[in-house]
Amino acid sequence: MNMYVIAIMYSEKNVERISFTVPSDFLQEFDKLADELGYKSRSHAISDAMRVFFNEKKQTDENIEVDGFVIIAYNHHQRNILEEITHLEHHSEITINSSLHIHVSEENCSEVIAVKGKLENVRSFANKLQSIKGILLCELVPLYLFPKDAID
Ligand code: NI
């Protein structure tokens, strides 16, 4: 299961200037990629890279509370799949705040499920969904918001 990072707006207040050393060719590659991705400044790209790092490392703490999304795709002709998904959604240890159903094609559906709970339980929910026969894709997107990320 892949983990993605949601880009989060951040305040320009309370910023710190740092300097660090990095191999030149690595920096060149980084700048090239940041440019291709549309970043206007190196600082912004590095900040986002730090968020990726934070997200990955933070995942090791299974006890933290997270909000997030589980994105699934499935063939709705698969026998019992809707019943199995609904059953799991009603019998999990997490809170499901909302879900969005998208009819992708004649056969395939996609759902974005807004989840909240302990990371351990959110992961378990996503893993159980993934194991349902007929689920073509299941991605967990946890959101870790920095307390000071809010723009005031
Ligand atoms: Ni559908």
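Here's a quick briefing on the structure above, sorted by topic. Keep in mind that this is a predicted model. The chain has 152 residues, and 28% of them are buried. Its secondary structure comes to 4 helices and 4 strands. A nickel ion sits with three protein donors, H101, H103 and C109.

**Overall layout**

- If you walk along the sequence, you meet the helices and strands in the order α-α-β-α-β-β-α-β.
- Some of these pieces turn up again below: helix α1 covers residues 24-36, and helix α2 covers residues 42-58.
- As for strands, β1 runs over residues 65-75, while β2 spans 95-103 and β3 spans 108-118.

**The nickel site**

- Which atoms hold the nickel ion? On the protein side they are NE2 of H101, ND1 of H103 and SG of C109, at 2.0 to 2.3 Å from the ion.
- Along the chain, these donors are spaced as H-x1-H-x5-C.
- How open are the two histidines? H101 is partly exposed, with a relative accessible area of 35%.
- H103 has a relative accessible area of 66%, and it counts as exposed because that value is over the 50% cut-off.

**Salt bridges**

- The count for this model comes to 4 salt bridges, and here are some of them, starting with the pair D48 and R51.
- D48 and R51 pair up with their closest N and O atoms 3.7 Å apart.
- Why can D48 and R51 reach each other? They are 3 residues apart in helix α2, so about one helical turn separates them.
- Both D48 and R51 are buried, which means that each has under 20% relative accessible area.
- K116 and D67 also form a salt bridge, with an N to O distance of 3.1 Å.
- What does the K116 and D67 pair tie together? K116 is in strand β3 and D67 is in strand β1, so the bridge links parts that lie 49 residues apart in sequence.
- K116 is partly exposed at 35% relative accessibility, and D67 is partly exposed too, at 32%.
- Another bridge joins the side chains of K118 and E120, at 3.7 Å from N to O.
- K118 comes out as partly exposed at 29% relative accessibility, and E120 is also partly exposed, with 38%.

**Patches on the surface**

- Which residues make up the nonpolar patch? L100, I102 and V104 do, and together they have about 260 Å² of accessible area.
- V104, from that patch, is in the loop between β2 and β3.
- V104 has a relative accessible area of 53%, so it passes the 50% cut-off and counts as exposed.
- There is also a patch of negative charge on the surface, where D25, E29, D35 and E36 gather.
- D25 is part of helix α1.
- Is D25 buried or exposed? With 56% relative accessibility, D25 counts as exposed.

**Worth finding in the viewer**

- Start with H101, H103 and C109 around the nickel ion.
- Next, look for K116 in strand β3 and D67 in strand β1.
- Then find D48 and R51 in helix α2.
- Finish on the surface, with the nonpolar patch of L100, I102 and V104 and the negative patch of D25, E29, D35 and E36.

Notes: Residues numbered from 1 in each chain as written. Predicted model: local features only at pLDDT ≥ 70, side-chain atom pairs only at ≥ 80, totals over all residues. Heavy atoms only, no water. Patch = residues over 30% accessible without salt bridge, like charges linked within 9 Å, V, L, I, M, F, W, Y side chains within 5 Å. Areas by Shrake-Rupley, 256 points an atom, 1.4 Å probe, with all protein chains shown as cover. Helix = DSSP H or I, 4+ residues; strand = E, 2+ residues; numbered from the N terminus. Buried < 20%, exposed > 50% of the residue type's maximum accessible area, 1.4 Å probe, protein only. Lys, Arg positive; Asp, Glu negative; His and termini not counted. Charge placed at Lys NZ, Arg CZ, Asp CG, Glu CD. Donors = N, O, S within 2.8 Å, 3.2 Å for Na, K, Ca; no water.
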